[in-house]
Amino acid sequence: MTRVGRDFGDTMQKDAVPAVSADVIFSSSRFPNYKIGANNQIVEAKDEQKVLSMKEVVARETAQLLEQQKRLSVRDLASKFEKGLAAAAKLSEEARLREAASLEKHVLLKKLRDALESLKGRVAGRNKDDVEDAISMVEALAVQLTQREGELMQEKAEVKKLANFLKQASEDAKKLVDEERAFARAEIENARAAVQRVEEALQEQEQMSRASGKQDLEELMKEVQEARRIKMLHQPSKVMDMEHELRALRAQLTEKSKNSVRLQKELAISKRGLEQNSQLYELDGPEALGSYLRIQPCSDDAPELSKCSIQWYRVSSQGGKKELISGAIKSVYAPEPFDVGRILQADIILEGQWLTLTTAGPIDPAAGLGSYVEALVRKHDIEFNVVITQMNGVNHPSESIHVFHVGKMRIKLCKGKTTIAKEYFSTSMQLCGVRGGGNAAAQALFWQAKQGLSFVLAFESERERNAAIMLARRFAFDCNIMLAGPDDRAPLETNGAP
């Protein structure tokens, strides 16, 4: 009889039992610590620290949410519900992983039971009893695992129910947030409408107060007028007599003013006539803007003016200072706008003798020139037809029509589409009436556009020439430029030598 030793059993077990871990994934690196309890029940050893179950964790989180619900805002509550929903999804995922691990344990137990059944038929004696004990232990473990699977399924159902509850609560919270937001917007719109209504009411009240004030003023003015009318009705003759007296006084004052001016001029002419008996020359011509003055000999003994030295001055009507008119050295001089309100004086030097001729009074303005200039000022660009008589001091042979543009900031001279000169107002620009030149001097002006470029331009009439000078000087003054003739800013004392 062959005796089977312990070494033979171990060798047989190693040869007969295949490796069961080749196609199984263990969730832990060690086998669970089980113990056999009463009635052959397998009892899992309890760890020192108590691990909360998934159900208890979910219940605790739900209780905390419910406790905080009363002191959380709507938005925070929605955020908490969303976090709870995410936690429930995570728990559901953990339950699925546990179910997969349980399935792996079932597979492991089945393979282990098959290996023990295979080993049971090959061993005998005490080893066979040990194998049978192991098989019963595996079967008890399978029963325990099945019970745990039932509990896991129940927990999974509860977790799913809780996830649905949290999802519904999250949707309700979002809906509540939307309703609160819509309510807040409606309240804001109502507040804006109320503010607008208040503003409209204030504006309407202000308009009504203004209208009432204006109406009260109009009524007061009507009452005053009515009172005046009633007063005039009671005293009509006195008021009418006063009006007639005022008109008569105005007419007398106007007539006396005209007579005074006429008498002053006649007196000046008579004085000049008495002086002419001892003088050789006299000034001839209207003393007004738009005309010209000429030095004429008074006697046959007067030397020719070509042999004399002549210089014109403008003198303040109140006396005191006289201003040299540069370039005015001819026997003919046409007053320009600068001369209005001033006395013109001509000094004649002949063989050491110094003769002085003056106008009878200040130069008078041209009639209607002021209103004509004011009408032209409203335009942006004013055009005048001119003829170039000199250019840079040389006579210009062509007599074609050019256009002289006076603008707000510049002066331009054109012929058709060709620009002869175009310059902005500057300190180098000069503009004045022609100082000498015969009978046409009252219609011509001198314009220096810049250094080295000058023109003498003849206009269609004296009015247009004087208007062009006044407009150009007015626009230049707006640009902080004093536009005048050569050396027009050098005043001289009346008692100074010429």
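**Entry 1: a strand pair and its sheet**

I started at Leu293, which stands opposite Tyr333 in S7. A reminder to myself before going on: this is a predicted model.

Next I looked up the strands around that spot. Strand S4 covers residues 293-297, and 2 bridges join it to S7 in an antiparallel arrangement. I then asked which order the strands of this sheet take. The sheet is open, has 3 strands and reads S3-S4-S7, with antiparallel pairing. Strand S3 (281-284) and strand S7 (332-333) are the edges; each has a single partner strand, so one side of each has no neighbour in the sheet.

**Entry 2: aromatic pairs**

I stayed with Tyr333 and turned to rings. The whole structure holds 5 aromatic pairs. One of them is Trp312 with Tyr333, a stacked pair with 5.5 Å centre to centre and 25° between the planes. Trp312 sits in strand S5 (residues 309-316) and Tyr333 in strand S7, so I noted the pair as a link between distant parts of the chain, 21 residues apart.

Are these two rings buried or exposed? Trp312 is buried, because its relative accessible area is 0%. Tyr333 also has a relative accessible area of 0%, so I put Tyr333 down as buried.

Then I looked up Phe404 and Phe459. Their rings meet edge-to-face, 6.0 Å centre to centre and with 85° between the planes. Phe404 belongs to strand S12 and Phe459 to strand S17 (residues 453-459), so this pair ties together parts that are 55 residues apart in sequence. Phe404 and Phe459 are buried. Both also turn up in one aromatic cluster, together with Phe384, Trp447 and Phe455.

**Entry 3: charges over rings**

While on rings, I looked for charged side chains above them. Lys322 lies over the face of Tyr313, 4.2 Å from the ring centre. I also found Arg463, whose charged end sits over the ring of Tyr372 at 4.0 Å from its centre.

**Entry 4: strand S12 and its partners**

Phe404 made me curious about its strand. Strand S12 runs over residues 402-407, and 5 of its 6 residues are buried, so the rest of the structure largely encloses it.

Which strands does S12 pair with? S10 is joined to S12 by 6 bridges, and the two run antiparallel. Within that pairing, I picked out Asn385, whose bridge partner in S12 is Val403. S12 is also joined to strand S13 (residues 410-415), by 4 bridges and again antiparallel. There, His405 stands opposite Lys412 in S13. The connection from S12 to S13 is a hairpin through 2 residues.

**Entry 5: two asparagines with positive phi**

I checked backbone angles next. Most residues other than glycine have a negative phi. That made two asparagines worth a note.

Asn392 is not a glycine, yet its phi is positive, about 55°. Its place is the loop between strand S10 (381-391) and strand S11 (394-395). I make Asn392 partly exposed, because its relative accessibility is 38%.

Asn480 likewise has a positive phi, near 60°. Its loop lies between helix H7 (462-478) and strand S18 (491-493). Is Asn480 buried or exposed? Its relative accessibility is 72%, so Asn480 counts as exposed.

**Entry 6: helix H7**

Asn480 follows H7, so I went back along the chain to the helix. How far apart are the end C-alpha atoms of H7? They are 25 Å apart; the 17 residues should span 24 Å at 1.5 Å a residue, so the two values agree.

I also listed buried residues in H7. They include Glu464, Arg465, Ile469, Leu471, Arg473 and Phe475. Several alanines are there too, among them Ala467, Ala468, Ala472 and Ala476.

**Entry 7: Ser454**

Last lookup: Ser454, in strand S17. I count Ser454 as buried because its relative accessibility is 13%, and buried means under 20%.

What does Ser454 touch, leaving out residues up to four places away in sequence? I found Gln390, Met391, Asn392, Gly393, Phe446, Trp447 and Gln448. Two of these names were already in my notes: Asn392, with its positive phi, and Trp447, from the aromatic cluster.

Methods:
Residues are numbered from 1 along each chain as its sequence is written. This is a predicted model: local features need pLDDT of at least 70, side-chain atom pairs count only at pLDDT 80 or more; totals for chains, interfaces and linings use all residues. Side-chain values use heavy atoms; hydrogens and water are left out. Buried means under 20% relative accessible area, exposed over 50%, partly exposed in between (1.4 Å probe, protein chains only). Two strands pair if DSSP finds at least two bridges between them. Rings of Phe, Tyr and Trp (its six-membered ring) pair if their centres lie within 6.5 Å; planes under 30 degrees apart count as stacked, over 60 as edge-to-face and the rest as tilted. A charge sits over a ring if NZ of Lys or CZ of Arg is within 6 Å of the ring centre and within 35 degrees of the ring normal. The expected span of a helix is 1.5 Å times one less than its number of residues. Contact means heavy atoms within 4.5 Å.
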